[in-house]
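This report looks at charged side-chain pairs, unusual backbone geometry and one helix, taken in that order. The structure it refers to is shown next.

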Amino acid sequence: MREIPGWHLAGEWFDVCSCDIPCPCEFAQPPTNNVCEGVLAWHIREGHYGDTRLNALNVVGLGWIEGNIWSRKATVAMGLYLDHRADDAQREALATIFGGQAGGWPAGFAELITEVRGMESAPIAIEIDDDLAGWRAEIPGAVTATAEALTGPTTPPGARVQLLNPPGSEVGPGQLVTWGRATRQQVNGFGFRSDLVGKSSKHIPFDWSGPD
């Protein structure tokens with residue numbers, strides 16, 4: 001086995017999915033109608049894998065879940081797009097971390113996946129508003145995922161609907177979730193296809209390190 005260097009990634013993650021608002025998966029419950037299909041987007045604000053810098057790179061996953069993913073009895077399929085701006089060393093680092101071979105939180109999450117449909121390089125655009133009013137991910141011809149922060153008649157102006165310490169956070173424990181409403185989920189990749197509006201979305205920061 002090759003030696004895994006010390007690594008660290010910090011950034012922002014969000015998803016849009018087919019669940020009703022709020023997505024039950026975040027509460028470690030079975031998804032709406034027992035099936036969740038969606039887009040997962042990671043923007044790395046700063047990171048390294050050994051001496052390889054990973055700042056400002058993006059990763060997008062397409063996923064499908066039948067059952068409660070946290071029960072370890074669910075059927076989970078996923079494919080990953082890696083930022084086409086990454087050079088060979090960066091691409092290898094991203095593939096190793098997100099593929100679960102480099103330890104840390106991604107290794108534990110990878111154990112929940114029962115079918116990997118592949119990894120591809122793609123042009124990924126991710127935008128996250130500084131005030132968390134909305135977030136967006138785009139891969140031409142494959143993914144459009146957009147959402148706006150959830151609000152309502154009793155939400156103070158400019159405030160966000162948030163959750164502390166979710167029991168089913170996809171990016172690890174001790175997180176702050178900002179809830180949103182998906183304004184578009186269009187997917188055509190890795191055998192996944194969807195075209196949905198008005199379902200669940202959420203934004204969560206992440207901070208990972210490994211290989212421990």
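A salt bridge is taken here as a side-chain nitrogen of Lys or Arg within 4 Å of a carboxyl oxygen of Asp or Glu. By that criterion the structure, which is a predicted model, holds 14 salt bridges.

**Salt bridges**

Three of these pairs are set out below with the separation of their N and O atoms.

| Acidic residue | Basic residue | N to O separation |
|---|---|---|
| Glu12 | Arg45 | 2.1 Å |
| Glu127 | Arg136 | 3.1 Å |
| Asp131 | Arg160 | 3.7 Å |

Glu12 forms its salt bridge with Arg45 through N and O atoms 2.1 Å apart at their closest. The pair links distant parts of the chain, since Glu12 belongs to strand 1 (residues 7-17) and Arg45 to strand 2 (residues 35-49), with their positions 33 residues apart in sequence. Buried means under 20% relative accessible area, and Glu12, at 11% relative accessibility, therefore counts as buried. Its partner Arg45 has a relative accessibility of 45% and so counts as partly exposed.

In the salt bridge between Arg136 and Glu127, the side chains meet at 3.1 Å, N to O. Arg136 is partly exposed, its relative accessible area being 27%, and Glu127 also counts as partly exposed, at 48% relative accessibility.

Arg160 and Asp131 form a salt bridge in which the closest N and O atoms are 3.7 Å apart. Arg160 lies in the loop between strand 9 (143-149) and strand 10 (162-164), while Asp131 lies in the loop between strand 7 (125-128) and strand 8 (134-139), so the salt bridge ties together parts that are 29 residues apart in sequence. With a relative accessibility of 24%, Arg160 counts as partly exposed, and Asp131 is likewise partly exposed, with a relative accessible area of 49%.

Beyond these pairs, a network of salt bridges links Asp15, Glu26, Glu170 and Lys202.

**Backbone geometry**

Several features of the backbone fall in the loop between strand 1 and strand 2. Pro22 is found in this loop, and the peptide bond that joins Ile21 to Pro22 is cis, with an omega of about -5°. Asn33 lies in the loop between strand 1 and strand 2 as well, and has a positive phi of about 60° although it is not a glycine. The side chain environment of Asn33 is described by a relative accessible area of 75%, and the residue is exposed. Asn34, also placed in the loop between strand 1 and strand 2, is another residue other than glycine with a positive phi, here near 70°. At 36% relative accessibility, Asn34 counts as partly exposed.

A cis peptide bond also runs from Gly210 to Pro211, with omega near 15°. Pro211 has its place in the segment after strand 13 (200-210).

**Helix 1 and its ends**

Which residue caps the N-terminal end of helix 1? The capping residue is Asp87, a side-chain oxygen of which lies 3.2 Å from the backbone nitrogen of Ala89. Within helix 1 (residues 88-98), the residues Gln90, Ala93, Leu94, Thr96, Ile97 and Phe98 are buried. Just after helix 1, Gly100 takes a positive phi of about 90°.

Methods
Residues numbered from 1 in each chain as written. Predicted model: local features only at pLDDT ≥ 70, side-chain atom pairs only at ≥ 80, totals over all residues. Heavy atoms only, no water. Helix = DSSP H or I, 4+ residues; strand = E, 2+ residues; numbered from the N terminus. Buried < 20%, exposed > 50% of the residue type's maximum accessible area, 1.4 Å probe, protein only. Polar contact = N/O pair within 3.5 Å; in protein donor to acceptor, adjacent residues only side chain to side chain.
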